[in-house]
Number of protein chains: 2
Amino acid sequence: MTWSISQLSREYGVTLRTLRHYEDLGLLAPERRGTTRLYHQRDRIRLALILRGKRLGFSLDEISVIVNMYDEQPGERGQLEFLMEQCDVRRAQLEQQRRDIDDTIAELEVVKARCREDLEKLS
Amino acid sequence: MTWSISQLSREYGVTLRTLRHYEDLGLLAPERRGTTRLYHQRDRIRLALILRGKRLGFSLDEISVIVNMYDEQPGERGQLEFLMEQCDVRRAQLEQQRRDIDDTIAELEVVKARCREDLEKLS
DNA sequence: TCTTCCGCTTACGTCAACGTCAAGCAAGAC
DNA sequence: GTCTTGCTTGACGTTGACGTAAGCGGAAGA
């Protein structure tokens, strides 16, 4: 099962340009039948990872690091230790982000409560 | 108690240019003593909100909307309802982000576990 | 055969979020 | 006085993440 560039584009809500751009950056590497791109399941998974990274506000460079972490081959000791370190760094960053999110949600609820009060005074 | 631009800059780890840029966009509005900027507590709070928004990956335009939500005056019914709606929209977005974070953290743990296994095989 | 879709590459354009000078003012140190 | 330090306002430069043509190729339908 493979997909064309426009099928993938429609399905994930991104433009053709975007998909080609990600390829230029080495984030995607679809098969080629002649010059035409053929996307496999592994490309879809990568794309999903990329888009999730974007929703989290990471740059494509950072995303590149992250998605490549998922399919590293075993490698040598130093590299493995570096990879684990990177995991921890990302994790710390993500947990900070989650705290930020919780704080923001809490504050939004305060704003809403104030709105409700003001609305009641108006009626 | 007030702060100069370079004090604020040092404290929050942003450049002078950035602070002036935020002012150009209407995100900050420090007092002026002559031409010199004087930042008050309210400016510090706003800056903290802005930076938190950035950590969450929002654009300065979006951040502008959010921080201005915090200090809207009561206003009329339509506006209040719109504001509450905006709160819900943001909240939904933030909750999606939290799910993304949790998924990513879980996957990072998988990567780390694989690393640990590979390391053990090496020793 | 002609046109109409895809799809391809090349390349310049754009927008956000600043970076990076340049040039100038004002106040305190020497 | 002048030198340094800190602040100011332009204004052009840069980087990331694409947008937007322009121009071409191949397959498929009228």
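Helices and strands are taken here as DSSP runs, with at least four residues of H or I for a helix and at least two of E for a strand, numbered from the N terminus. On this basis, α2(A) contributes three residues to the surface near DNA strand D, the most of any element. The model is predicted.

The surroundings of DNA strand D comprise 14 residues, and those that come nearest are A:Ser59, A:Leu60, B:Ser4, B:Ser6 and B:Arg37. Two or more residues are given to this surface by α2 (16–24) and α4 (60–70) of chain A, and also by α1 (5–12) and β2 (36–38) of chain B.

Around DNA strand C there are likewise 14 residues, of which A:Ser4, A:Ser6, A:Arg37, B:Ser59 and B:Leu60 come nearest. Here the elements with two or more residues are α1 (5–12) and β2 (36–38) of chain A, along with α2 (16–24) and α4 (60–70) of chain B. The greatest contribution to the surface near DNA strand C is that of α2(B), with three residues.

The table lists the residue classes of each surface.

| Surface | Nonpolar | Polar | Charged |
|---|---|---|---|
| near DNA strand C | two residues | eight residues | four residues |
| near DNA strand D | two residues | eight residues | four residues |

Between the protein chains, 29 residues of chain A are in contact with 29 residues of chain B. On the side of chain A that touches chain B, α3 (41–55), α4 and α5 (77–122) each supply at least two residues. With 22 residues, α5(A) gives the most to that side. By class, the side of chain A that touches chain B holds 16 nonpolar, four polar and nine charged residues.

Key:
Residues numbered from 1 in each chain as written. Chains lettered and ligands numbered in written order. Predicted model: local features only at pLDDT ≥ 70, side-chain atom pairs only at ≥ 80, totals over all residues. Near = placed C-beta within 6 Å. Nonpolar A, V, L, I, M, F, W, Y, C, P; charged D, E, K, R; others polar. Contact = placed C-beta atoms within 7 Å.
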